[in-house]
Amino acid sequence: MAEQKTILRALAGERLPTPPIWMMRQAGRYLPEYRATRAQAGDFLSLCYNSELAAEVTLQPIRRYGFDASILFSDILLLPQALGADLWFVTGEGPRLSTIQSQADFDALKTADAVHDTLSPIYETVRILRRELPRETTLIGFAGAPWTVATYMIAGRGTPDQGPAHALKDQNPELFQQVIDLLIEGTVTYLSEQIKAGAEIVKLFDSWAGSLKGEDFDRYALEPAKRIISALKAMHPDTPIIAFPRGAGERYVGFAKATGADCVAFDDGVTAEWMAQHVQPDGCVQGNLKSSHMVTGGAALVSETRRIVQALRNGPHIFNLGHGITPDADPENVQLMIDTVRSC
Ligand code: CP3
């Protein structure tokens, strides 16, 4: 039997001499080969729904760098689209969706079952990837967490402070909870289908968890993660789950235990030393390197990379950035980061 893949060993709680590495948005606009394939597909959404080309861009950073894990190329906003929201991307600005402001807007959405058929090209991408990825590379599937996806569905776009979603939550908590419940159900189905198609790990992105405070954090970040994870574990007990409650700060402490996640992913708002002390004793941790180092490179990139590896060397750790790599990053800095991690 082949030796278990390094990232799966880290997720099972093993401390490894060299942490496995992958990078959020590793297939993306900083790579010329990605830009070429996106142009071939026409636009970003067409690329997401073209299984062959989506698999191709997923493989590009694996060929170039030999990352230990590969993340399915897709987007968290395909789920609301499958549920009936209109979705389009404005070049240079970001996503736009139809909004949810009333019960009637919510009632016009589809049920969670829609996720089976509408998102079938995504499951096909997963199947292609399981055939084409190198044997040692692990495939990660993903979805957005309900709160983060809801912030886009309610506002119809990205917002700096998630104001419209906070307003709906505070003014019409019943309607807001219906949105969250639909997203929980849809996300369980969506991730379960990815696992059935061959995803070996799944990750839940709660990019805006940091704007939820106090009880709101428990209700809308922690509780939905817990419900999604327990439903997935009941169906797929052997598939590890990474949770990313970005910006959670102190609320990172105990998050894995409370939700059942096998690993928590970190932004760059805490130090690696703090992660080692407060969160790593409970299990695997991932992330933390500031994405801006992929733009600036040099001695600061090397010393920060080393610092994170050193700080987390006594427990299970997956090396990653604190957020996605940006389009202005230099591909050579990615190689420098990898070389640094692997020579620590
Ligand atoms: O990490 C990966 O490489 C896997 C693919 C992936 C994408 N988006 C591709 C993408 C993943 C995991 C995501 C997650 C995602 N999408 C999140 C959560 C993580 C985070 O970044 O906080 C969010 C909030 C979205 C929604 C989204 N998609 C926004 C706000 C944008 C526009 C901002 C931007 O970077 O342009 C996108 C577009 C998007 N998703 C791109 C990529 C590669 C860029 C699209 C392009 O090629 O023009």
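1. Start with helix α8, residues 120–132, in this predicted model. The helix has 13 residues. From its first C-alpha to its last it reaches 19 Å, close to the 18 Å expected at 1.5 Å a residue.

2. Which residues of α8 are buried? They are Ile-122, Tyr-123, Thr-125, Val-126, Ile-128 and Leu-129. Keep the helix geometry in mind when you look at that list. An α-helix has 3.6 residues a turn, so residues three or four places apart point the same way.

3. What covers the buried residues of α8? The cover includes the helices α3 (44–49), α4 (51–65), α5 (78–82), α7 (114–118) and α11 (173–197). Strand β4 (138–144) is also part of the cover.

4. Now turn to charge. Side chains of opposite charge can pair when their charged atoms come close. A search of the whole structure finds 18 salt bridges. A few deserve a look.

5. Arg-9 and Glu-14 form one salt bridge, at 2.7 Å from N to O. Are its two partners buried or partly exposed? Arg-9 has a relative accessible area of 19%. Buried means under 20%, so Arg-9 counts as buried. Glu-14, at 33%, is partly exposed.

6. Arg-64 and Glu-33 pair at 2.8 Å, N to O. Arg-64 lies in helix α4 and Glu-33 in helix α2 (residues 32–41), so this salt bridge ties together parts that are 31 residues apart in sequence. Both ends are partly exposed: Arg-64 has a relative accessible area of 36%, and Glu-33 has 23%.

7. Asp-216 and Lys-169 form another salt bridge, with their closest N and O atoms 2.6 Å apart. Here too the pair links distant parts of the chain. Asp-216 sits in helix α12 (residues 214–235) and Lys-169 in helix α10 (residues 163–171), 47 residues apart. Both residues are buried.

8. Salt bridges can also join up. Lys-5, Arg-130 and Glu-200 are linked in a network of them. Find Arg-130 on helix α8, which spans residues 120–132.

9. Last, the ligand. How many residues surround it? The count is 22, and the closest are Arg-25, Arg-29, Tyr-34, Arg-38 and Ser-207.

10. Check three polar side-chain atoms beside the ligand. One belongs to Arg-38, 2.3 Å from a ligand oxygen. Another belongs to Asp-75, 2.7 Å from a ligand nitrogen. The third belongs to His-323, 2.7 Å from a ligand oxygen. Taken alone, the ligand exposes 870 Å², and the protein buries 87% of that.

Conventions: Residues numbered from 1 in each chain as written. Predicted model: local features only at pLDDT ≥ 70, side-chain atom pairs only at ≥ 80, totals over all residues. Heavy atoms only, no water. Helix = DSSP H or I, 4+ residues; strand = E, 2+ residues; numbered from the N terminus. Expected span 1.5 Å × (residues − 1). Buried < 20%, exposed > 50% of the residue type's maximum accessible area, 1.4 Å probe, protein only. Contact = heavy atoms within 4.5 Å. Salt bridge = Lys/Arg side-chain N within 4 Å of Asp/Glu carboxyl O. Near = heavy atom within 4 Å. Polar contact = N/O pair within 3.5 Å; in protein donor to acceptor, adjacent residues only side chain to side chain. Areas by Shrake-Rupley, 256 points an atom, 1.4 Å probe, with all protein chains shown as cover.
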